[in-house]
Amino acid sequence: SLTIGIVGLPNVGKSTLFNALTKNDVLAANYPFATIEPNVGVVGVPDPRLDRLAEVFGSQKTIPATVSFVDIAGIVRGASEGQGLGNKFLANIRESDAICQVIRVFTDPDVVHVEGKVDPADDIETINTELVLADMQTLEKAVPRLEKESRKDKDRKVLHDAAVAAQAVLDEGKTLFSAGVDPESLRELSLLTTKPFLYVFNVDADELANEATLDELRALVAPAEAIFLDAQTESELIELPADEAAELLASIGQDEPGLDQLAKVGFRTLGLQTYLTAGPKESRAWTIPVGATAPEAAGVIHTDFQRGFIKAEIVGFDQLMEAGSMAEAKSRGWVRIEGKDYVMADGDVVEFRFNV
Ligand code: GDP
């Protein structure tokens, strides 16, 4: 499944955030036989539609879609030159599908900042530079080879030209993602900065409601998505019963834990969406890429469902709620029969028909 790598300078609150993420782990609850890896946190994507489905269908439980976060240890200035954990670090990022940088905004005289001062713009620049330098090195090696190959093979010229264009972007100090470069055109080269980025600003709790500060920070990373949270508060929230957690959140002017926002934004950043199934046993969200067809969606439940796919009975979530029951939705003619070319929409409530 797709994963988001968490990066950031030392002492910015990565471990604090990651520990909160792993305590929120949904694997233990819903997938008893899953292997739980120490550096991976699998969190549920909050989806209020599931509770409403469960009411309509009398489901015993709900199972949300998930997003996986990988803790990628210590990037420091010079990582691209193989200092410290450099090479292992870069390999771990290469395996991630998106990159989430945690940035320190909180002030605490007891927590040393590696660069001597709290400066979000500077920290973002430091990490970007390391990733950009790593990609420049990759391309410096690849371009001469691609040039040779493209003399004999026209197809290789396409990749060669894309690589040269990428070099020009990196030379300006920009990530390929921020410049809008299509990752597919460079896939073979496993570059780092084509991956989607998102940013978590670790802010003092009393700054979370300060819109002026948040706007300033948001502007540093736009159009990438920004999430604001206080990692220390998140780690406390996760230990509290629901009612006390709600009280603590309210006391800092928030209506949703930062981890929930992170799960939702992360899911979206990965280019994923969900369709829904419902019955007396469970109401469940299933993860598919945007653009997936009905048989591909069926294959997420079981490969046999994809192979033996006949058709799908589909009703949009909102229409189903308006009808109030599946029977009523059917009698109103809102449940459609879709074939193998149907492209799934987010929130489709589905029943598959298939041969086994
Ligand atoms: P990492 O090196 O990025 O993994 O950072 P850690 O999560 O280990 O945090 C470094 C130190 O900062 C620890 O002492 C944390 O308790 C503290 N810390 C983390 N997040 C916050 C925060 O939001 N506010 C404050 N005041 N301290 C924090």
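**Group meeting: strands, helices and a ligand shell**

Okay, let me begin at a strand pair: Leu 272 has Pro 289, over in S9, as its bridge partner. Before I go on, please keep in mind that this is a predicted model.

So, the strands around that pair. S8 covers residues 272-278, and 7 bridges tie it to S9 in an antiparallel arrangement. The two make a hairpin, with 3 residues between them. S9 itself covers residues 282-289, and it also pairs with S3, residues 61-63, this time running parallel, through 3 bridges. If you want a spot to click on there, Thr 62 is opposite Ser 283 of S9.

Now for the sheet with six strands. In what order do the strands of this open sheet come? Reading across, we have S2-S4-S1-S5-S6-S7, and the pairing is mixed. The edges are S2, residues 40-44, and S7, residues 225-229; each has a single partner strand, so one side of each has no neighbour in the sheet. On average, neighbouring strands are turned by 25 degrees against each other, ignoring direction.

One pair inside this sheet is S5, residues 98-104, with S6, residues 197-202: these run parallel and are joined by 6 bridges. Within that pair, Ile 99 is partnered with Phe 197 of S6. And a quick reminder for the students: strands in a sheet pair through backbone hydrogen bonds, parallel or antiparallel.

What lies across these strands? One helix is H5, residues 120-152, which lies across S1, S5 and S6 and runs at about 145 degrees to S5. Another is H10, residues 258-269, and its list is S1, S2, S4, S5, S6 and S7, with an angle of about 165 degrees to S7.

Let me stay with H5, and look at its helix neighbours. H6, residues 154-171, packs on H5 at an angle of about 150 degrees, and the axes are 9 Å apart. The cut-off for roughly antiparallel is over 145 degrees, and therefore H5 and H6 count as roughly antiparallel. Their crossing is left-handed. From H5, the contact includes Val 132, Met 136, Leu 139 and Val 143, while H6 brings, among others, Leu 159, His 160, Ala 163 and Leu 170. By class, this contact has 11 nonpolar, 3 polar and 5 charged residues.

Then there's H7, residues 211-221. H5 and H7 pack at about 20 degrees, axes 10 Å apart, which makes the two helices roughly parallel. This crossing is right-handed. Pro 120, Ala 121 and Ile 124 of H5 meet Leu 217, Leu 220 and Val 221 of H7. How do the residues of that contact divide by class? You get 6 nonpolar, no polar and no charged.

Right, on to the ligand. There are 15 residues around it, and the closest are Gly 13, Lys 14, Ser 15, Thr 16 and Asp 108. Which helices supply at least two residues each to this shell? Those would be H1, residues 14-23, and H8, residues 231-237. H1 gives the most, with 3 residues. Sorted by class, the shell has 5 nonpolar, 7 polar and 3 charged residues.

Last, two backbone details in loops. As background, most residues other than glycine have a negative phi, and most peptide bonds are trans. Asn 11, though, is not a glycine and has a positive phi of about 65 degrees. You'll find Asn 11 in the loop between S1 and H1. The other detail is a cis peptide bond, going from Ala 222 to Pro 223, with omega near 5 degrees. Pro 223 is in the loop between H7 and S7.

To wrap up, here are the places I'd pull up on screen. Start with the mixed sheet of 6 strands, then H5 lying across S1, S5 and S6. After that, go to the shell of 15 residues around the ligand, and finish on the cis bond at Ala 222 to Pro 223. That's my tour, thanks everyone.

Definitions and conventions:
Residues are numbered from 1 along each chain as its sequence is written. This is a predicted model: local features need pLDDT of at least 70, side-chain atom pairs count only at pLDDT 80 or more; totals for chains, interfaces and linings use all residues. Two strands pair if DSSP finds at least two bridges between them. Helices (H or I, at least four residues) and strands (E, at least two) are DSSP runs, numbered from the N terminus. Axes are lines fitted to C-alpha atoms, for helices over the stretch in contact, and angles run from 0 to 180 degrees between N-to-C directions. Two residues are in contact if their C-beta atoms, placed from the backbone, lie within 7 Å. A residue is near a molecule or strand if its C-beta atom, placed from the backbone, lies within 6 Å of it. Ala, Val, Leu, Ile, Met, Phe, Trp, Tyr, Cys and Pro count as nonpolar, Asp, Glu, Lys and Arg as charged, and the others, Gly among them, as polar. Angles under 35 degrees count as roughly parallel, over 145 as roughly antiparallel, 65 to 115 as roughly perpendicular and the rest as oblique. A crossing is left-handed if the near helix is turned anticlockwise from the far one by less than a right angle, and right-handed if clockwise.
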